[in-house]
Amino acid sequence: MIIKKEHIILASVFIMAIVTTILCAIYIPVSNSLVRGVIVIDAGHGGMDGGVSYGNMIEANINLENSRELKSILEDRGYKVVMTRDSTNSLAGKKSEDMKKRKDIILKCKPDLVVSLHVNKYSDSRRRGVQVFYDDTKKNQDVGERFQHLINSNVNKKYAGRDDLTSLSGDFYICKCTPYPAVIIECGFISNEGDRKLLNDSSYRTHLLTTIADGIDSMTLSKVSA
């Protein structure tokens, strides 16, 4: 039997198509399975709403910088990360519209967890440390308390000389506007000299954000195990 050149070419194309189909069937599900969870990072404030400030330190800018670094850490660990704000601008001209757009982003991506990063300020400049807040319905109380315990042990004790800060509840829109678990993490007090120095210290910020990522690992692992 004489095998023509065109028959060989057609057979080769057919075999390559089969191999490609098999590889896609094998590798695409594996790739998806590597996504550990979906996390929304909310960089508080932005645009005309700068948040709290001290001198040239503006909360909105600090929040954005921290959010971008946390996003990078989480993506390296296999998470899909969505940021509500990834520029210095707000999401809308009015605060209420801005918050509504953040809510819409959260609802659209159906995350395993929402972490809103902020910076605190208090009339008593001695107050310092990283503190966690959750909604006043207390549906996120357990998440808030677990984050606070981890941060107290790994961050506040080392840098603020205290491990007794407690997570607090309040009427926080971002924590109660969707059914998904959400907390606010205030990354330090801009009103405290020691915390201001830490907020300008890249090694400290990386340590704090890595600890927050460890907390997210713990939350998502608990969810899978449950």
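In the next few minutes I will walk through the sheet of this structure, two helices that pack on it, and then helix H2.

Please keep in mind that what we are looking at is a predicted model.

Let me start with the sheet, which is open and made of six strands, and whose order reads S4-S1-S5-S8-S6-S7, with mixed pairing. At the edges sit strand S4, residues 80-83, and strand S7, residues 168-170, each of which pairs on one side only. On average, and ignoring direction, neighbouring strands of this sheet are turned by 30° against each other. As a general reminder, the strands of a sheet pair through backbone hydrogen bonds, in either a parallel or an antiparallel manner. Here, strand S6, residues 131-135, runs parallel to S7 and is joined to S7 by three bridges, and within that region Tyr134 stands opposite Ser169 of S7.

Turning to the helices, H3, which covers residues 95-109, packs on the sheet and touches strands S1, S4 and S5, and its direction makes about 170° with that of S1. Helix H4, residues 141-159, lies across S5, S6 and S8, and runs at about 180° to S6.

That brings me to H2, residues 59-76, and to the question of how far apart its end C-alpha atoms are. With 18 residues at 1.5 Å a residue, H2 should span 26 Å, and because its end C-alpha atoms are 26 Å apart, the two values agree. The buried residues of H2 include Ile62, Leu70, Ile73 and Leu74, but also Glu59, Asn63 and Asn66. Just after H2, finally, Gly78 takes a positive phi of about 100°.

Key. Residues are numbered from 1 along each chain as its sequence is written. This is a predicted model: local features need pLDDT of at least 70, side-chain atom pairs count only at pLDDT 80 or more; totals for chains, interfaces and linings use all residues. Side-chain values use heavy atoms; hydrogens and water are left out. Two strands pair if DSSP finds at least two bridges between them. Helices (H or I, at least four residues) and strands (E, at least two) are DSSP runs, numbered from the N terminus. Axes are lines fitted to C-alpha atoms, for helices over the stretch in contact, and angles run from 0 to 180 degrees between N-to-C directions. Contact means heavy atoms within 4.5 Å. The expected span of a helix is 1.5 Å times one less than its number of residues. Buried means under 20% relative accessible area, exposed over 50%, partly exposed in between (1.4 Å probe, protein chains only).
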